[in-house]
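Morning, everyone. Let me put the structure up, and then I will walk through the chains, the cores and one helix pair.

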Amino acid sequence: MQDPKTLPTSGPKDQTSSTDVKKGDAVNDAKASTSSSEQKKTGKFGQVLGSVLGGALNVIAPGAGWLIGGMIGRGGTDFGSMEQLLQHSAQQQMQMLTIQERVQAQTQEFTTITNILKARHDAEMAAINNIRS
Amino acid sequence: MDAMDVDDLKVFLEAGVLLRELGRYDDAETVLRGVSELLPDSEVPRVLLGTVELQRGRFSEAQRLQEETLSRYPNSLYAQLHHAEVLLFQKKRSEAQTELKAIISSDPDSLHSQTARMLLLASDMICPDY
């Protein structure tokens, strides 16, 4: 059974009227149906393209890819959601900076502890070796 | 039983340090107590016993042992260092820092002074000053 979505819409082949008005209507109908199907194809393709491009761009500039991918997927700019996207991107970058700072602080703590343990060990070995009979 | 050579006792002391680092505190204590009986004139095994208690988390007992050792060997930088260390863990930051600075000024090039400098740098981590 054929998928209803693939059934052809009324097109020029089905039109048999010989009058100019009916012919013009048929041509207009054909143009409208073709443009709507093209728009559907473009919309779906745009969504796929947007998601792929967005993912690739996110590797280079986190957040920017999502923004641009979203714009392509919707077929244009949507200023209301664009502000939200920008805000989300800024929040993500702030979180990333916070994480980086914490990692740096932890690394510094590990280095300090390592230095203490090494100095302590050296001092202990020196004290043991300095024991005289 | 033949008297043990000092070099053999040094090996036992190192064994005690290793056992402490492995977390085998009871074994470390046994070894170090034995060596302290065989080396009555040295502060090293007594200080090491104090460090075992410190690493066990028994800070009060560690402080008591280090103070006892320091009273017997007041000129020992090694004993002073580990006494200051236990003061840091007891949150007595100002006293610890005073002792550590005194160690550094008395012999700036010694290994004990280097450890004292490291402990001073780590004061904020061990004993935060809120």
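How many helices and strands does the secondary structure of chain A come to? Three helices and zero strands. One caution before going on: this is a predicted model.

Chain A, then. From the N terminus, the elements run α-α-α. The chain has 133 residues, and 19% of them count as buried. Its exposed surface is about 10,400 Å². Carbon and sulfur atoms supply 59% of that area. Now the contacts. Take those in chain A between residues at least 6 apart in sequence: 26% of them join residues at least 24 apart.

Next, chain B. Here we have eight helices and zero strands. Along the sequence the pattern reads α-α-α-α-α-α-α-α. Of the 130 residues in chain B, 49% count as buried. The accessible surface of chain B is about 6,800 Å², with 51% belonging to carbon and sulfur atoms. As for contacts in chain B between residues at least 6 apart, 49% join residues at least 24 apart.

On to the cores. Which residues have the most contacts inside the largest nonpolar core? They are Ile128(A), Leu13(B), Val44(B) and Leu48(B), in a core of 21 residues. Both chains feed this core. Chain A brings α3 (79–129), and chain B brings α1 (6–21), α2 (25–38), α3 (44–56) and α5 (77–89); each of these helices supplies at least two residues.

Stay on Leu48(B) for a moment. Leaving aside residues up to four places away in sequence, Leu48(B) touches Glu124(A) and Ile128(A) in chain A. In chain B, Leu48(B) touches Leu13, Val17, Arg20, Leu32 and Tyr78. Apart from the largest core lies another, of 15 residues. Leu87(B), Ile103(B), Ala116(B) and Ala122(B) are among them.

Last item: the helix pair. How do α1(B) and α3(B) sit, parallel or antiparallel? Their axes come within 10 Å and cross at roughly 5°. The cut-off for roughly parallel is under 35 degrees, so α1(B) is roughly parallel to α3(B).

Which residues meet there? From α1(B), we have Leu13(B), Val17(B), Arg20(B) and Glu21(B). From α3(B), we have Val44(B), Pro45(B), Leu48(B), Thr51(B), Val52(B) and Gln55(B). By type, the residues of this contact divide into six nonpolar, two polar and two charged. Leu13(B), Val44(B) and Leu48(B) are familiar names by now: they were on the list of residues with the most contacts inside the largest core.

That is the tour. Questions, please.

Terms used. Residues numbered from 1 in each chain as written. Chains lettered and ligands numbered in written order. Predicted model: local features only at pLDDT ≥ 70, side-chain atom pairs only at ≥ 80, totals over all residues. Heavy atoms only, no water. Helix = DSSP H or I, 4+ residues; strand = E, 2+ residues; numbered from the N terminus. Buried < 20%, exposed > 50% of the residue type's maximum accessible area, 1.4 Å probe, protein only. Contact = heavy atoms within 4.5 Å. Areas by Shrake-Rupley, 256 points an atom, 1.4 Å probe, with all protein chains shown as cover. Core = buried A, V, L, I, M, F, W, Y, C linked by side-chain atoms within 4.5 Å. Axes fitted to C-alpha atoms, helices over the stretch in contact; angles between N-to-C directions. Parallel < 35°, antiparallel > 145°, perpendicular 65-115°, else oblique. Nonpolar A, V, L, I, M, F, W, Y, C, P; charged D, E, K, R; others polar.
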